[in-house]
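Here are a few points I noted while going through your model. Please keep the structure open beside you as you read.

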Amino acid sequence: MRSFPKTSFLVLITCWLTGLGLSAQNLTIVHGKVTDSKSGEAIAAATIRYDSLNIGTRTDAFGKFSLKSKEKGNFIVITCIGYDPLTVLIKSGETNELQVRLVESSTSLNEVEVVSRSKKYRNKNNPAVDFMREVIAHKERNRKENLDYYSLERYDKIEFAINNIDNKLRRNFFFRKTQFIFENVDTNQVTGKVNLPFYLRETISDVYYRKSPRTEREYVRGEKSTRLPGYLDDDGISNMVENLYRKIDFYDNTVNLVTVEFVSPLADFSPGIYQFYLRDTAMLGDTRCVHLYFTPRQKTDLAFNGDMWIAFDSSYALKKIQVEIPAQINLNWVNGLQIEQEFAWMDIIEGRALLPTSDVVTMEFGVMKTENSKTILAQKTSSYARYRINQPVSETLLNVGGHVQRDSGAVERNETFWIAHRHDSLDRHEAGVYKMVDSLNRNMNFRRFMNIMRVVVDGYHTQGKFDIGPINTFSSFNPIEGYRLRLGGRTNLKFNKRLLLEGYGAYGFTDTRLKGFAGLLTLFGPDQVMKYPCTNSASGTSTICKYPGRICKTVCCCLSAEALMTRCCTPRLWVSNVWKSGKMVFRMPLRIK
């Protein structure tokens, strides 16, 4: 009894049917490419920064870069090891496209060899490493989990978009009658590429924490996303997104991203994994900070490249950090990953502390890592506000079961609620995604196409309160039964939101026997039966021919959200994956002929 199988494929189909463009406005934007002046080859990992601002970036594997800022800057500086630095005049408040050619340093080979040996990286007597050891020694005191109590309001916004949309796709036959989805698509002035957003999800949550005994609870008060009811499993997508974006804490020894553990630059053992370099001191707001650059000693290690700014006082607290994964790391389907996290001063009993106020995680997924291949851009933006520090939290809030609790009316919040609780208002393109998806839901051509795709992928055709299928099983042939006819189906949420009935009947023209299956799935709890994950109970009975001359009748009981599996078996108690999926299945055949 599957709920909505293979929805991930439908997600990909919908990717090509929905979205709006992103654009950068009222910014100073600099983008272009850095190459070698002699060979013309792209230069990767070159540093581009504003001469008078603490803002910068690096070129990618193709030598391309993009840099934007709301601050005014008239010059940018391009540097790279082995090349002479270059200063370029730019126009503030406008878009600047540059083709930068760096000249190799005039230092002779012998001199380079001597300097290289004398400047071989070492941890011993290295002021950057000594400073980082102080940061590591103070990190337990600086992390927010060191507080006795805290509570905060967290706002999450997750966006998905397809990158590199071209005119060929726009003219595709499938979009002939849904051209309105391209109305607000615009070229991103930073990357020069067209993005087509197709998914937006917002949540607002209250988070409560107690140090001893350590307890953390999250209450989701509002949840809103672009929805295609009847075609996509919204809860399945939400859980996939939550697993994709785990909690990020650089004070931990590891950071989990796309199910991979990366070593944090603030890990206890980070001086053995990273090379640290002191850049300069800078003012971030009213805080004087030490700017450090870090990179893995081995480029294939699961570690980050990036920059961090540490408060230049006795706290040694993290004020800001920007990281990305090195190009040499090969993650399946991940072409790029960047994280930016910022902290702000909060008053506590002992004085004040730097606590997280925002983090932005950007990922690019694709099959190929070519410059013009179509990829999926995913970005999660989180902001933290309304801190209450060292004020005891009610036991009622902390003693409920489960780490995450959802308000029963979370998905029904009106726009007035969201206007009042969003930490930052949506721009017109983000707001347009909701409008566009609503238009798709009312478009008959789109609904007809999705109904066809659902039959192809899911195998079921909906008729009122019932789903007929799987259609591909209606007619088949095998040596035991010969030509076999089968008819089956299941109920859907229109029939009952907490009960699902499923069954089929089949007849073989060679063995001249009737076979069948009947089952039900019911839910423990207030949620609907199709929701994932959930706790439910399934049971069923079937008569099925699996081996020549043997007809097996089975009764199955399943404490799981997964589909029932019926097979001819000897009497036994079968328990599997108890700790991973909570599934316990009991099978006992009633009669074997």
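1. Let me start with Arg 279 and Asp 307, whose side chains meet in a salt bridge, at 3.9 Å from N to O. Arg 279 belongs to strand β13 (residues 274-284) and Asp 307 to strand β15 (residues 305-311), so the pair ties together parts that are 28 residues apart in sequence. Please bear in mind that this is a predicted model. With the limit for a salt bridge set at 4 Å, the 3.9 Å of this pair is within it.

2. Are the two partners buried or exposed? Arg 279 has 38% relative accessibility and therefore counts as partly exposed. Asp 307, at 9%, counts as buried.

3. A second pair worth a look is Arg 221 with Asp 206, where the closest N and O atoms are 2.7 Å apart. This salt bridge also links distant parts of the chain: Arg 221 sits in strand β10 (residues 215-225) and Asp 206 in strand β9 (residues 195-210), 15 residues apart. Both Arg 221 and Asp 206 are buried.

4. Asp 156 and Arg 154 form another salt bridge, with 3.0 Å between the closest N and O atoms. Why does Asp 156 count as buried? Its relative accessibility is 6%, and buried means under 20%. Arg 154 counts as buried too, because its relative accessibility is 19%.

5. For the wider picture, the count of salt bridges comes to 27. You may also like to display the network of salt bridges that links Glu 140, Arg 143, Lys 144, Glu 145, Glu 216, Lys 247, Asp 249 and Asp 252.

6. Now to the sheets. One is an open sheet of three strands in the order β4-β1-β7, with mixed pairing. Its edge strands are β4 and β7 (95-102), each of which pairs on one side only. Between neighbouring strands of this sheet the turn is 20 degrees on average, direction ignored. Strand β1 (residues 28-36) runs parallel to β7, and eight bridges join the two. If you want a residue pair to find this pairing by, Val 34 has Val 100 in β7 as its bridge partner.

7. Another open sheet has four strands in the order β3-β2-β5-β6, and its pairing is antiparallel. Which strands stand at the edges? They are β3 and β6 (86-89); each has a single partner strand, so one side of each is left without a neighbour in the sheet. The twist here averages 20 degrees from one strand to the next. Strand β5 (residues 75-79) pairs with β6 in the antiparallel sense over four bridges, and Ile 76 stands opposite Val 88 in β6.

8. Finally, please look at Thr 59, in the loop between β3 (56-58) and β4 (64-69). Thr 59 counts as buried because its relative accessibility is 6%. Its side chain reaches the backbone oxygen of Ile 43 at 2.8 Å, and a polar atom of that side chain lies 2.9 Å from the backbone nitrogen of Ala 46. Leaving aside neighbours within four places in sequence, the residues in contact with Thr 59 include Val 34, Ala 44, Ala 45, Ile 48, Lys 64 and Phe 65. Val 34 is the residue whose bridge partner in β7 is Val 100.

Conventions
Residues numbered from 1 in each chain as written. Predicted model: local features only at pLDDT ≥ 70, side-chain atom pairs only at ≥ 80, totals over all residues. Heavy atoms only, no water. Buried < 20%, exposed > 50% of the residue type's maximum accessible area, 1.4 Å probe, protein only. Polar contact = N/O pair within 3.5 Å; in protein donor to acceptor, adjacent residues only side chain to side chain. Contact = heavy atoms within 4.5 Å. Pairing = 2+ DSSP bridges. Axes fitted to C-alpha atoms, helices over the stretch in contact; angles between N-to-C directions.
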